[in-house]
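This briefing covers the ligand site, the pocket around it and two backbone details. The structure is shown first, and the points follow by topic.

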Amino acid sequence: MSPEKIHTGLSLQILNDKILHFKSINSTNTYLLGAHSHSNGTVVLADFQTSGRGRLARVWESKKAESLLFSIFLNRDLVSYPHFAFTFIAAISVFEALQSIAPEINLALKWPNDILINNKKVCGILVECRTSGSNLSKIVIGIGLNVLQDKDFFKKQGLKGGTSLALETKVKSSLLTILKQIILKTDQNLALYKNTDGLEIIKKWKSYCPYIGKKIKIDNGKEIIPGIFHDIGTDGSIIIDSKGKLNNFYAGDVTVENTEI
Ligand code: BTN
């Protein structure tokens, strides 16, 4: 089925203002990673995904038109940014978009790619790339933001630490309004990354994360390591202080003490 084309009407520096809207698709990430070429900054939005994917080969579940399911396609000079930059830029952009829509909510970023409200996960990000020879040729930033789901949804999916914007704010926000805000912020933060060699992006990320200095555990797939969240490296790694020794981790699942996440 061919998608409906939506124009955001936003004035953008890097992204383009075209959204391809599908009622149903396997996965917006899979679509953009396919053989077709797209212009830089094309956004693919779906009301429903039949094979939505999360990090670490997990499934990303959704019900029709209850969440924002979309991916942003990047090529051109942007592919020279390091991989972690896209995750950080997307997380910061979702954070700032939600803050502008609901300034009173208690938002937080959790390393590497989660956005939380009241210590519960409201949004996840999956950045994937394709290479051509030894160079990156395509980057796809996939974002799944829970907007309208009720408690039952999370209970049925067994997602104890999950929530939606509606559950936390008691307001049913418009999916398209939120999407446009995220696109606008992503465009601004992509430019900020370029203009500050990434430093302002790392600075913002840290200022949006309340868990630095707190007790955490990281599951790196081999073992679970407890420690204190010491800092974020300039390469996007998480630096954990385990009994006085600082270790950098580049992937893994973090849990924060005294929370369900
Ligand atoms: C995570 O595991 O936290 C990341 C979830 C990312 C889900 C989004 S929904 C839109 C895009 N398409 C996919 O198949 N996955 C991402």
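A polar side-chain atom of Thr-28 is placed 3.1 Å from a nitrogen atom of the ligand. The model is predicted, and the distances and areas below are computed from it. The ligand sits in the largest pocket, and the protein covers 98% of the 420 Å² of accessible area that the ligand has on its own.

**Polar contacts of the ligand**

- Gln-49 brings a polar side-chain atom to 2.9 Å from a nitrogen atom of the ligand.
- Arg-55 takes part through its backbone: an N or O atom there lies 2.7 Å from an oxygen atom of the ligand.
- For Thr-28, in contrast to that backbone contact of Arg-55, the atom involved belongs to the side chain.

**Shell around the ligand**

- There are 20 residues around the ligand, and those that come nearest are Ser-27, Gln-49, Arg-53, Arg-55 and Lys-121.
- Gln-49 and Arg-55, both named among the nearest residues, also appear in the polar contacts above, Gln-49 with its side chain and Arg-55 with its backbone.
- By residue class, the shell holds six nonpolar, 10 polar and four charged residues.
- Two or more shell residues come from each of α1 (28-33), β4 (67-74), β7 (120-132) and β8 (135-146).
- β7 gives the most to this shell, with four residues.

**Largest pocket**

- The volume of the largest pocket is about 800 Å³.
- Its lining consists of 39 residues, of which Arg-58, Trp-60, Asp-114, Lys-121 and Leu-159 are the closest to the pocket centre.
- Lys-121 is thus listed both there and among the residues that come nearest to the ligand.
- The lining divides into 12 nonpolar, 17 polar and 10 charged residues.
- At least two lining residues are supplied by each of α1, β4, β7, β8, α3 (151-157) and β13 (253-256).
- α1, β4, β7 and β8 also give two or more residues each to the shell around the ligand.

**Backbone details**

- The peptide bond from Trp-111 to Pro-112 is cis, and its omega is near 0°.
- Pro-112 belongs to the loop between β5 (107-110) and β6 (114-117).
- Ala-65 is not a glycine, yet it has a positive phi of about 55°.
- Ala-65 is found in the loop that runs between β3 (43-49) and β4.

Conventions: Residues are numbered from 1 along each chain as its sequence is written. This is a predicted model: local features need pLDDT of at least 70, side-chain atom pairs count only at pLDDT 80 or more; totals for chains, interfaces and linings use all residues. Side-chain values use heavy atoms; hydrogens and water are left out. A residue is near a molecule or strand if one of its heavy atoms lies within 4 Å of it. A polar contact is a pair of N or O atoms within 3.5 Å; within protein, one must be able to donate a hydrogen and the other to accept it, and residues adjacent in sequence count only if both atoms are side-chain atoms. Accessible areas come from the Shrake-Rupley method with a 1.4 Å probe; for residues, only the protein chains shown count as cover. On a 1 Å grid over the protein atoms alone, a cavity is a set of points where a 1.4 Å probe fits but cannot get out, and a pocket is an open set with protein on both sides within 12 Å along at least five of seven lines; lining residues have an atom within 4 Å of a point. A molecule sits in a cavity or pocket if more than half of its atoms lie within 2 Å of its grid points. Ala, Val, Leu, Ile, Met, Phe, Trp, Tyr, Cys and Pro count as nonpolar, Asp, Glu, Lys and Arg as charged, and the others, Gly among them, as polar. Grid points are joined across faces, edges and corners, and a volume is the space filled by probe spheres set on the points.
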